[in-house]
Every structure is written in structure tokens, then in C-alpha cells.
Amino acid sequence: MNAESLEGTITWRELWAETSNLIGDRAHARWLCEVASGSVDGDEFLARLDEQATERMVGHLDAMTTRLRAGEPLQYVLGEWSFRRITLAVDRRVLIPRPETELVAEVALAKAAAVGPTRLVADLGTGSGAIGLSIAHELPLDSTMVWITDASTEALDVARANIAGLGPAGVNVRVAHGSWFDALPAELVFDVVVANPPYVAVGSADLEVSVGDWEPHAALFAGPDGLDDIRRIIADAPARLRPGGWLVLEIGADQGDAVANLLSSAGFVDAEIRRDLAGLDRIALGRRP
Ligand SMILES: C[S@@+](CC[C@H](N)C(=O)[O-])C[C@H]1O[C@@H](n2cnc3c(N)ncnc32)[C@H](O)[C@@H]1O
């Protein structure tokens with residue numbers, strides 16, 4: 001594609017076909033074309049198939065296609081990705097929100113929804129804001145407060161941009177920088193603390209190459225067994241939860257037994273390890289007595 005020579009001469013139907021040939025994936029090509037055409041959704045894009053693209057739009061599509069062909073993950077190339085009911089800006093400063101994390105958010109949401117009349121929630125290591133902003137978005141506006149934290153100031157910049165796009169629920173979100181519970185005001189105790197911390201063992205052979213190549217290493221790795229951050233959070237959580245409050249963690253598929261033991265040793269009750277849709281251990285939860 002050559003943006004300058006194509007202005008006013010090529011339709012989105014032709015660009016979609018051409019992009020599909022270049023990247024070998026018609027669905028991904030459609031997503032690129034949707035974003036490049038400025039369509040708000042797939043229906044709007046389909047309605048515009050016979051419209052001609054502007055030079056700027058073709059240039060944008062060109063740039064995205066080049067990045068995708070260089071191996072960059074689709075989500076970073078698009079610059080946005082859906083998580084539960086919200087769309088989040090994402091780039092290389094944050095982990096790409098995963099479908100299994102939607103289940104972690106769902107468990108935290110259910111625990112927080114059961115608390116009343118008001119609830120205080122913390123999402124530690126928020127990255128793009130996926131879990132914390134979903135909780136703020138899905139729970140009642142007048143009775144929910146969510147603190148989101150991260151040790152990465154770059155990640156928090158992305159999360160702040162996502163708060164700005166969240167709509168009315170954004171006023172219920174507070175942002176704090178720092179390591180795990182240290183980021184939070186000392187006087188606060190929470191009804192629910194949720195985290196998807198780094199949990200990959202350093203040197204793990206299981207990590208997909210593109211994840212290690214493109215996503216922030218500070219979001220992935222946690223010591224020789226992948227449990228360094230989970231240990232820290234579980235050790236500190238009882239002092240920062242109100243009695244009866246819940247800790248909800250995303251964990252690695254091979255960490256269920258170890259994390260169940262850590263929760264029991266820290267005094268949590270009703271500890272449970274739940275599986276994801278692939279049948280793998282993925283969510284650990286426990287209640288402060
Ligand atoms: C696996 S990512 C999860 C991001 C997001 N919560 C999600 O589910 O998509 C882990 C996040 O924890 C953050 N992190 C790493 N070490 C941290 C620490 N010591 N304290 C707070 N956040 C930390 C990383 O910057 C990253 O954003």
C-alpha cells in the first residue's frame with residue numbers, strides 16, 4: 001500500500017482484502033481496518049465498506065500492518081482491547097489484559113457486590129486498570145470506591161488514561177504508586193483486595209516467545225518459583241483487610257497447592273483454588289477471619 005497514491009481511489013472493501021492477503025488473517029485485517037477507518041464498531045465498518053479511504057487513514061493502516069508483520073501483538077498495534085464490559089487503551093507499558101483475568105475480576109466483583117451498604121476495593125498491580133476499572137464500572141456508582149496501584153509509573157499513566165475514558169465511574173477510582181500494600185494510605189482497610197501479580201518463574205520455558213519479547217518483564221517475572229510477589233501480598237494482606245474481607249489472586253496453573261498453603265499459613269479461611277475455562281488452576285481466594 002502507498003498512502004499518497006491511493007487517496008480517494010481505494011475502498012475499505014479493497015483495503016480489507018489487501019490487508020488480509022498481507023497478514024494472512026481476515027479477522028485481524030478487519031480489526032486493523034476498523035480502527036484505521038475510525039469506525040466505532042464492526043457494524044459501522046461494514047456499512048462503510050464501499051467508501052473510499054483518505055490518505056491519512058491508509059497511512060495509519062499501513063503503519064499498523066507493518067507493526068503486526070514485525071511480530072508486535074495485535075492488541076498493542078490496535079492500541080486498545082476489550083476487557084469484560086470496557087475497552088482499555090493498551091500499549092507496551094502494560095500487560096495485555098487476558099480472558100482468564102476476566103474471571104478473576106468476576107470473583108472479586110461478586111465478593112465486593114456482597115458487601116454493603118458501601119464497599120472499598122483495592123486492585124494491586126493494576127497495569128492498564130483492567131480489574132479495578134471493571135469493578136468500578138460494574139458496581140453501583142454511589143457505594144463503591146476502588147483504589148488501583150502499580151509500582152510502574154508508566155503503567156499508571158496508561159491506567160489514568162483509561163480512567164478518563166471510563167465515564168461516570170471514573171470518579172470512584174483512586175490511583176496510588178508504590179509496591180503492593182505500601183502504595184496505599186496506611187489507615188485504609190479494604191473489603192476486597194484483588195491482584196493479578198507477576199507469577200512467572202524466572203527462566204520459565206512455558207512463556208510464549210511473543211509475550212517475553214513484547215510485554216513488560218516487570219509484569220511477568222517473580223523470582224525462581226514465580227511466587228515472590230504472591231508471598232509478599234499474602235503475608236501483608238491480613239493487616240489490610242477488614243475482618244471478613246476477601247483476598248482474590250490470579251495465579252499460575254502450577255501454583256494452586258503452594259498458594260493454598262500460603263493462604264492457610266497466613267490465617268485465611270475458606271481458601272479456595274478455582275480453575276479457568278481451560279480447566280487450569282487460576283484463581284486463589286481466601287477470607288480474613
Ligand atoms: C501480570 S501484570 C497485571 C496487570 C493487570 N492487573 C492485568 O490483570 O492485566 C502485573 C502488574 O503488577 C505490577 N507490579 C509488579 N511489581 C509490583 C510491585 N512490587 N508492586 C505493585 N505492582 C507491581 C506490574 O507493573 C504489572 O502492571
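Tutor: In this model, strands are DSSP runs of E with at least two residues, and helices are runs of H or I with at least four, numbered from the N terminus. The model is predicted. R84 sits in the loop between β1 and β2.

Student: Why is R84 called buried?

Tutor: The cut-off for buried is 20 or more other C-beta atoms within 10 Å. R84 has 20 other C-beta atoms within 10 Å, so it is buried.

Student: What is marked about phi of R84?

Tutor: Phi of R84 is near 50 degrees, which is a positive value in a residue other than glycine. R84 belongs to the turn of a hairpin that β1 and β2 form, with two residues between the strands.

Student: What makes β1 and β2 a pair?

Tutor: Two strands pair if DSSP finds at least two bridges between them. Strand β1 (residues 80-83) and β2 are joined by four bridges and run antiparallel, so the condition for pairing is met. One of the bridges links F83 to I86 in β2. In β2 (residues 86-89) the side chains alternate: I86 and L88 point to one face and are buried, whereas T87 and A89 point to the other and are not.

Student: Phi of D270 is positive too. Why is D270 called exposed?

Tutor: Exposed means 12 or fewer C-beta neighbours. D270 has 11 C-beta neighbours inside 10 Å, so it counts as exposed. Phi of D270 is near 55 degrees, and the residue lies in strand β8.

Student: What about L277, buried or exposed?

Tutor: L277 has 10 C-beta neighbours inside 10 Å and therefore counts as exposed. L277 is in the loop between β8 (269-275) and β9 (281-287). Its C-alpha is 11 Å from that of E102, although 175 residues separate L277 and E102 in sequence.

Student: How do you know that β3 pairs with β4?

Tutor: Five bridges join β3 to strand β4 (residues 144-150), in parallel, and the requirement is at least two. Within this pair, A122 stands opposite W147. Strand β3 also pairs with β6 (residues 190-195) in the parallel sense, over four bridges; there the partner of D123 is V194. Five of the six residues of β3 (residues 119-124) are buried.

Student: What makes the crossover from β3 to β4 right-handed?

Tutor: A crossover is right-handed if, with the strands pointing away from the viewer, the path from the first strand over the helix to the second runs clockwise. The unit of β3, helix α8 (residues 130-138) and β4 is right-handed.

Student: Which residues are closest to the ligand?

Tutor: The closest are G125, G127, A151, N196 and A219, out of 24 residues that surround the ligand. The elements giving two or more residues to this shell are α8 and β4. By class, the shell has 13 nonpolar, nine polar and two charged residues.

Student: Why is the protein called as compact as a globular protein of its length?

Tutor: The radius of gyration is 21 Å, close to the 19 Å that the globule rule gives for 289 residues, so the protein is as compact as a globular protein of that length. Its C-alpha atoms fill a box of roughly 70 × 45 × 30 Å along the principal axes. Buried residues make up 42% of the 289 residues.

Definitions and conventions
Residues are numbered from 1 along each chain as its sequence is written. This is a predicted model: local features need pLDDT of at least 70, side-chain atom pairs count only at pLDDT 80 or more; totals for chains, interfaces and linings use all residues. A residue is near a molecule or strand if its C-beta atom, placed from the backbone, lies within 6 Å of it. Ala, Val, Leu, Ile, Met, Phe, Trp, Tyr, Cys and Pro count as nonpolar, Asp, Glu, Lys and Arg as charged, and the others, Gly among them, as polar. The radius of gyration is taken over C-alpha atoms; the globule rule is 2.2 Å times the number of residues to the power 0.38.
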